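Thanks, everyone. I would like to go through the protein–DNA contacts first and then turn to how the helices pack, so please have the model open as we go.

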Protein chains: 2
Amino acid sequence: MDSSDEATLHQDAALSRTRLVLWQKLQKSASVIEDELRRRLRRDCDSTLPRFDVMAVLDATPDGLRMREISDRLRVSAGNVTGIVDKLAQEGLAKRVAVPDDRRASRVVLTEKGQGAFAVLARIRESWINEMLGNLNLDDVDGMILRLDRLIDALDTDEFGALAQKGTENGGI
Amino acid sequence: MDSSDEATLHQDAALSRTRLVLWQKLQKSASVIEDELRRRLRRDCDSTLPRFDVMAVLDATPDGLRMREISDRLRVSAGNVTGIVDKLAQEGLAKRVAVPDDRRASRVVLTEKGQGAFAVLARIRESWINEMLGNLNLDDVDGMILRLDRLIDALDTDEFGALAQKGTENGGI
DNA sequence: GGATGGTATTTCAGGCTTGAAGTTTTAGGC
DNA sequence: GCCTAAAACTTCAAGCCTGAAATACCATCC
């Protein structure tokens, strides 16, 4: 660490400030898009984002997941997952299956109805995202994915968010 | 619109899929960082993210803002802002000021105490962000800001999020 | 084989957010 | 000057989420 002369200190400060600006823009884009998805999911699909998210991680794992695995991948509390799965089960979209060797746990799997419903939702969601990100071309998208991968790597490695390493495949709408 | 031959259709589909992947990574980074900020703000500063956000938009506008302007910039409901400002006022960090020509409205301004508290919080927050985005160099940061600006532009222009054009300066932690 | 500690899940109280009234006030047409 | 529509704000019920118990169960160490 030899950032000991003035020029370097100034560069550090400028970079820090620019990173902050980046965070503000990252945060704004994500929340505008997420709010819009939430709204459309309610309005057009009579569903919710948390329910979609749970269905997404289940759909990605045909053998089903334990409650704890779901809450780890989505980074929400275990109690929250209980409620969401309860509702999915009530609607016949998911069901709990006993785990042979562990009577504490249960696996959650999508029913056929749940798989069908999710397939429809997933297609609609992709078209929404494609619309909202419509003015980013392939270069833009690749460039951002490259950087976000590095960022996510660091976030997973550092203490924070360390529980969610595996949740990238289908974890968020 | 002449994406009528197979090759182009295939490219469109691939781009759509890649945009979806980008969204998932965007969403994950933003939520990991935001959750961590929320946690640290509680743990280390005895504050909350919504309160910080309100103070941020107020600090950026020394003349103060109306309730409605705050809720527009932060994209939260008016009722929510009422509650947050109530709490800030209780703690002496902000106060409501009557608007001369409109007895329905009130301007909200930070008190001196509020300005001081925000200055401290803002510095800490910048260091946190600088830490969390630490493995992105200046090229990365600039590259992402460039693209996010275009994205935010499109999001503001389209119907969704149209209320929040001006909230980019200091609007989100 | 019983105690001890840890794991999987649920329950629940408390806080945050929204959306839908409700109140007061302003603005515009007539 | 009224009357209607709309705006600014507040209140409130309902839903979501968290974190902290509580419950039930597994596993390990003596």
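Let me begin at DNA strand C, where one of its phosphate oxygens is 2.8 Å from a polar backbone atom of B:Ser77, a polar contact being a pair of N or O atoms within 3.5 Å, where, within protein, one must be able to donate a hydrogen and the other to accept it, and residues adjacent in sequence count only if both atoms are side-chain atoms. Before going further I should say that this is a predicted model, in which local features need pLDDT of at least 70 and side-chain atom pairs count only at pLDDT 80 or more, while totals for chains, interfaces and linings use all residues. Residues are numbered from 1 along each chain as its sequence is written, chains are lettered from A and ligands numbered from 1 in the order in which they are written, and side-chain values use heavy atoms, with hydrogens and water left out.

Staying with strand C, a backbone N or O atom of B:Arg103 also lies 2.8 Å from a phosphate oxygen, whereas B:Lys87 uses an N or O atom of its side chain, at 3.1 Å from a phosphate oxygen. In total, 20 residues surround DNA strand C, and the closest are A:Arg68, A:Thr82, A:Arg104, B:Ser77 and B:Arg103; here a residue is near a strand if one of its heavy atoms lies within 4 Å of it. Of the atoms of strand C within 4 Å of the protein, 73% belong to sugar or phosphate, and the rest belong to bases. By class, this surface has five nonpolar, five polar and 10 charged residues, where Ala, Val, Leu, Ile, Met, Phe, Trp, Tyr, Cys and Pro count as nonpolar, Asp, Glu, Lys and Arg as charged, and the others, Gly among them, as polar.

Which residues come nearest to DNA strand D? Of the 19 residues around strand D, they are A:Ser77, A:Arg103, B:Arg68, B:Thr82 and B:Arg104, and sugar and phosphate account for 76% of the strand D atoms that come within 4 Å of the protein. Backbone N or O atoms reach phosphate oxygens of strand D from A:Ser77 at 2.8 Å, from B:Arg68 at 2.7 Å and from B:Met67 at 3.3 Å. The surface near strand D divides into five nonpolar, five polar and nine charged residues. At least two residues of that surface come from each of helix H4 (78–90) and strand E3 (102–110) of chain A, and from each of helix H3 (67–74) and helix H4 (78–90) of chain B; helices (H or I, at least four residues) and strands (E, at least two) are DSSP runs, numbered from the N terminus.

Now to the helices. In chain A, helix H1 (residues 6–45) and helix H2 (residues 49–59) pack at an angle of about 95°, with their axes 9 Å apart, axes being lines fitted to C-alpha atoms, for helices over the stretch in contact, with angles running from 0 to 180 degrees between N-to-C directions. That makes H1(A) roughly perpendicular to H2(A), a term for angles of 65 to 115 degrees, with those under 35 roughly parallel, those over 145 roughly antiparallel and the rest oblique. A:Glu34, A:Arg38 and A:Leu41 of H1(A) make the contact with A:Leu49, A:Pro50 and A:Phe52 of H2(A), contact meaning heavy atoms within 4.5 Å.

Between the chains, H1(A) and H5(B) pack at about 90°, with their axes 9 Å apart, and are therefore roughly perpendicular to each other. Among the residues that meet there are A:Arg17 and A:Trp23 in H1(A) and B:Glu126 and B:Ile129 in H5(B), and the contact residues divide into four nonpolar, three polar and four charged.
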